[in-house]
Amino acid sequence: MAAARRIVVLTGAGISAESGIQTFRASDGLWENHRIEDVATPEGFAANPVAVHQFYNDRRQRLLDTDIRPNPAHSALARLEHTVVDRPEHDFLLVTQNIDNLHERAGSQALVHMHGELLKIRCEQSGLIFDTREDLTLDTCCRCCREPGNLRPHVVWFGEIPLAMAKISKALEQCDLFVAIGTSGNVYPAAGFFELARDHGAHTVELNLESTNAAFDEHICGPASTVVPEFVE
Ligand code: BJW
């Protein structure tokens, strides 16, 4: 860690599990009770927008109404960023697949939400993005076009292109340390990031409850709230 100058960290649902947010593919995960085709594809949304808005409204409500807060893993990554960016010729990018807001609440700033953000919605006509915490009728009419039914969750579904890919690819090609935390490696393109970084010379490390891919250079197994602070400090 001390020798690394350019660091890219990829996080997945596992980093927020100990904050009380469900992962996707565990036996008690989100995909147990919801079919991906129904709630996480453009086709599912076109077929039943009300049900998809409900799925995301429920998750928003849980994020806002409960005592869900960042855990020590989120805080450790925010500290790492501030340490790294203070050093000359060092760089740091945190790429999260998560749509919760726990990284920013922990203080991370060099952050990309590649699968979108739960608390935002987007007008499909104009592309304008709104914060759902503002006074807005979520699933009927948007401020810009006043048309009904143009709003959708600002998230990336299967078959859609993840956000900020150019920025992410550039950082992966330039980094000398790539760290994946709490992601199963089931979903592309994120699942291929470690190979891109490794092919450009980076050391690759996985932190997870269990090893998901033997091809990482290093594996650190354990709960994120314990192993991430240990790894960072
Ligand atoms: C802990 C822990 C603790 C637990 N401590 N660890 C073949 C056929 C068809 C399609 C494809 C194909 N090959 C590739 C594709 C494309 C497709 C894809 O990957 N499909 C696969 C199913 C094969 N991908 C796409 O369509 C993507 N777009 C795309 O590829 O566009 C083309 C393109 C790309 C780039 C440039 C140009 C063009 C889009 C994918 C969108 C994914 N969207 C979702 C929903 C987002 C909104 C929402 O939240 O509702 O994103 S799906 C879901 O999975 C969500 C997550 O971000 C994502 C990854 O899940 P994650 O985070 O890994 O969670 P889990 O549950 O899987 O794993 C948790 C891990 O944590 C586990 O390993 C645990 O062990 C660990 N853990 N507790 C540490 N306490």
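**Close-up 1. Helices α6 and α10 side by side.** In this predicted model, the axes of helix α6 (residues 72–85) and helix α10 (residues 224–232) come within 7 Å and cross at roughly 20 degrees. That angle is under 35 degrees, so α6 counts as roughly parallel to α10. The handedness of the crossing between α6 and α10 is left-handed. On the α6 side, the contact is made by P72, A73, A76, L77, R79 and L80. Facing them from α10 are A224, S225, V228, P229 and V232. Sorted by type, the residues of this α6–α10 contact come out as 9 nonpolar, 1 polar and 1 charged.

**Close-up 2. The six-stranded sheet from edge to edge.** Here 6 strands make an open sheet, and reading across gives the order β3-β2-β1-β7-β8-β9. The pairing is parallel. At the edges sit β3 and β9 (218–221), each with a single partner strand, so one side of each has no neighbour in the sheet. On average, neighbouring strands of this sheet are turned by 15 degrees against each other, direction ignored. Both helices from the previous view show up again here. Helix α6 lies across β1, β2 and β7, and runs at about 155 degrees to β2. Helix α10 also packs on the sheet, where it touches β7, β8 (203–208) and β9. The direction of α10 makes about 150 degrees with that of β8.

**Close-up 3. Strand β1, tucked inside.** Zoom in on strand β1 (residues 6–11) and you'll find that 6 of its 6 residues are buried, so the strand is largely enclosed by the rest of the structure. Side chains in a regular strand alternate between the two faces of the sheet. In β1, R6, V8 and L10 point one way, while I7, V9 and T11 point the other way. Whichever way they point, all of these β1 residues are buried.

**Close-up 4. Who pairs with β1?** Now for the two partners of β1. Strand β2 (residues 91–96) is joined to β1 by 6 bridges, and the two run parallel. Within that pairing, V9 has L94 of β2 as its bridge partner, and T11 stands opposite T96. Strand β7 (residues 177–181) is joined to β1 by 5 bridges, again running parallel. Across from I7 in β7 is L177, and V9 stands opposite V179 of β7.

**Close-up 5. From β2 out to the edge strand β3.** Strand β2 is mostly covered, with 5 of its 6 residues buried. With strand β3 (residues 111–113), β2 pairs in the parallel sense over 3 bridges. One pair to look for is V95, which stands opposite V112 in β3. Strand β3 is at an edge of the six-stranded sheet, so one of its sides is left without a neighbour there.

**Close-up 6. The three-stranded sheet.** This open sheet is built from 3 strands in the order β5-β4-β6, and the pairing is antiparallel. The edge strands are β5 (129–131) and β6 (151–155), each of which pairs on one side only. Neighbouring strands of this sheet are turned by 45 degrees against each other on average, direction ignored. Strand β4 (residues 116–123) pairs with β5 in the antiparallel sense over 3 bridges, and I121 stands opposite F130 in β5. Helix α5 (residues 49–65) packs on the sheet and touches β4 and β6. The direction of α5 makes about 135 degrees with that of β4.

**Close-up 7. R122 and its surroundings.** R122 has its place in strand β4. Is R122 buried or exposed? The label is partly exposed, because R122 has 19 other C-beta atoms within 10 Å and a buried residue needs 20 or more. Leaving out residues up to four places away in sequence, R122 touches G127, I129, R152 and H154. Along the chain, R122 and L151 are 29 residues apart, yet their C-alpha atoms are separated by 5.4 Å.

Note on methods
Residues are numbered from 1 along each chain as its sequence is written. This is a predicted model: local features need pLDDT of at least 70, side-chain atom pairs count only at pLDDT 80 or more; totals for chains, interfaces and linings use all residues. Axes are lines fitted to C-alpha atoms, for helices over the stretch in contact, and angles run from 0 to 180 degrees between N-to-C directions. Helices (H or I, at least four residues) and strands (E, at least two) are DSSP runs, numbered from the N terminus. Angles under 35 degrees count as roughly parallel, over 145 as roughly antiparallel, 65 to 115 as roughly perpendicular and the rest as oblique. A crossing is left-handed if the near helix is turned anticlockwise from the far one by less than a right angle, and right-handed if clockwise. Two residues are in contact if their C-beta atoms, placed from the backbone, lie within 7 Å. Ala, Val, Leu, Ile, Met, Phe, Trp, Tyr, Cys and Pro count as nonpolar, Asp, Glu, Lys and Arg as charged, and the others, Gly among them, as polar. A residue is buried if 20 or more other C-beta atoms lie within 10 Å of its own, exposed if 12 or fewer, and partly exposed in between; C-beta atoms are placed from the backbone. Two strands pair if DSSP finds at least two bridges between them.
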